[in-house]
Amino acid sequence: MPDDRKFLGREGESAALEFLQTHGFKILETNFRTRAAEIDMIAKDHETLCFIEVKTRRSIKKGLPKESVTPSKQHKIILGASFYLKKHRLLESRIRFDVIEVFEKEGRFEFNLIKNAFQAG
Amino acid sequence: MWQFEHNAKALGYKIIAGVDEAGRGPLAGPVVSAAVILPQDFFCEGINDSKKLSKKKRDALFPRIMENALAVSTGLASHHEIDDINILRASLLSMKRAVENLSSLPGSPVPDLLLIDGKFTLDMDIHQSAIVRGDSKSISIAAASIIAKVTRDTIMKELHETYPAYNFVRHKGYPTKAHKQAILKHGPCPVHRLTFRGVKEVLHAR
């Protein structure tokens with residue numbers, strides 16, 4: 001990945017983090033990953049544990065960000081969620097898979113939070 | 001538990017992946033498979049047939065596999081696909097997807113042999129060996145079995161949020177008395193397997 005895109009990704013993640021916090025999410029983890037699993041953010045929205053994929057884009061030309069959550073990416077998120085739940089013994093928690101789209105335009109960010117962005121089954 | 005792996009190494013295979021599925025019996029949700037490549041020194045106390053393992057032990061082994069395996073991947077076939085092509089073929093399809101997803105991991109080793117639970121091999125250009133009751137005979141298949149089961153549980157937990165009337169979080173879609181009663185009461189939901197006994201009769205009666 002070119003440095004510029006990496007930089008945009010990191011900027012997007014920290015902007016998304018702030019956005020989620022101001023909307024009442026309690027951030028529990030960022031960049032939760034193992035060799036096989038990766039989740040950008042894990043947060044609590046009231047009583048629901050949310051596993052959140054952050055998608056940052058400069059334009060919608062390449063398709064909407066949420067469209068880039070490919071099945072194989074979904075598997076990594078589900079594996080990561082399973083790992084997190086087991087590790088912290090959160091067997092009774094309610095869970096959800098969200099995507100937050102971050103659009104950058106001239107140094108400003110816009111957000112679109114999609115709850116239940118994909119259904120695992 | 002290492003016999004199959006040791007024999008394969010003696011034959012010259014270097015990277016061996018165990019493959020297993022979970023969720024052929026349930027009336028709802030996907031069938032989920034996993035492929036796992038273990039390091040040679042993986043310590044295996046308590047790993048055996050995951051269906052015979054207590055839930056507690058399985059829960060304890062899951063993070064150990066995730067942390068120590070050389071590669072872990074999953075694949076699934078949806079309730080639609082199960083209805084379309086039948087459960088056996090769908091479960092083989094989910095296994096194939098799990099193996100294909102191994103290669104989507106950066107730097108992940110490519111297996112030169114698959115050890116597959118059951119009677120069937122996959123439609124793939126990799127050497128394979130099907131082992132009946134493999135999850136109690138091969139450590140790699142046992143590990144895949146645990147990953148598949150736990151992953152499927154997570155998926156059913158999430159589906160429970162969308163369709164709470166059936167209590168998927170409790171029975172994971174398996175045909176328990178409570179689940180069958182819920183289907184009778186509410187009818188099938190969009191993730192039920194409509195070709196399965198216990199669902200199709202209700203569908204036809206309504």
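Among contacts in chain A between residues at least 6 apart in sequence, what percentage join residues at least 24 apart? In this predicted model, the share is 54%. The chain to which that value belongs has 121 residues, of which 34% are buried, and its secondary structure consists of 2 helices and 5 strands. Followed along the sequence, these elements of chain A appear in the pattern α-β-β-β-α-β-β.

From chain A the reader can pass to the place where it meets chain B, a region in which 21 residues of chain A are in contact with 26 residues of chain B. On the side of chain A that touches chain B, helix H2 and strand E4 (94–105) of chain A each supply at least two residues, and H2(A) gives the most, with 10 residues. Sorted by class, this side of chain A has 10 nonpolar, 6 polar and 5 charged residues.

One helix pair spans the two chains, and it can be described in some detail. Two packed helices are described by the angle between their axes and the distance between the axes. For helix H2 (residues 71–87) of chain A and helix H5 (residues 139–162) of chain B, the axes come within 9 Å and cross at roughly 95°. Because angles of 65 to 115 degrees count as roughly perpendicular, H2(A) and H5(B) are roughly perpendicular to each other. From H2(A), the residues that make the contact are Ile78(A), Leu79(A), Ala81(A), Ser82(A), Leu85(A) and Lys86(A), while H5(B) contributes Val150(B), Thr151(B), Thr154(B) and Ile155(B). By class, this contact of H2(A) with H5(B) has 6 nonpolar, 3 polar and 1 charged residues.

Within chain B, the element to consider next is an open sheet of 5 strands, which has mixed pairing and the order E3-E2-E1-E4-E5. Its edge strands are E3 (71–77) and E5 (127–131) of chain B, each of which pairs on one side only. Neighbouring strands of the sheet are turned by 20° against each other on average, with direction ignored. Helix H4 (residues 87–102) of chain B packs on this sheet, where it touches E1, E2 (31–37), E3 and E4 of chain B, and the direction of H4(B) makes about 145° with that of E3(B).

The pairings themselves show how the sheet is mixed. Strands of a sheet pair through backbone hydrogen bonds, either parallel or antiparallel. Strand E1 (residues 16–22) of chain B pairs with strand E4 (residues 113–117) of chain B in the parallel sense over 4 bridges, whereas E1(B) and E2(B) pair in the antiparallel sense over 6 bridges. Val19(B) takes part in both of these pairings, since its bridge partner in E4(B) is Ile116(B) and it stands opposite Ala35(B) in E2(B). On the way to the edge strand E3(B), E2(B) and E3(B) pair in the antiparallel sense over 7 bridges, and there the bridge partner of Val32(B) in E3(B) is Leu76(B).

Which residues of E2(B) point one way from the strand, and which the other way? Val31(B), Ser33(B), Ala35(B) and Ile37(B) point one way, Val32(B), Ala34(B) and Val36(B) point the other way, and all are buried. Strand E2(B) is accordingly described as mostly covered, with 7 of its 7 residues buried.

Terms used:
Residues numbered from 1 in each chain as written. Chains lettered and ligands numbered in written order. Predicted model: local features only at pLDDT ≥ 70, side-chain atom pairs only at ≥ 80, totals over all residues. Axes fitted to C-alpha atoms, helices over the stretch in contact; angles between N-to-C directions. Parallel < 35°, antiparallel > 145°, perpendicular 65-115°, else oblique. Contact = placed C-beta atoms within 7 Å. Nonpolar A, V, L, I, M, F, W, Y, C, P; charged D, E, K, R; others polar. Pairing = 2+ DSSP bridges. Buried ≥ 20, exposed ≤ 12 C-beta atoms within 10 Å, placed from the backbone.
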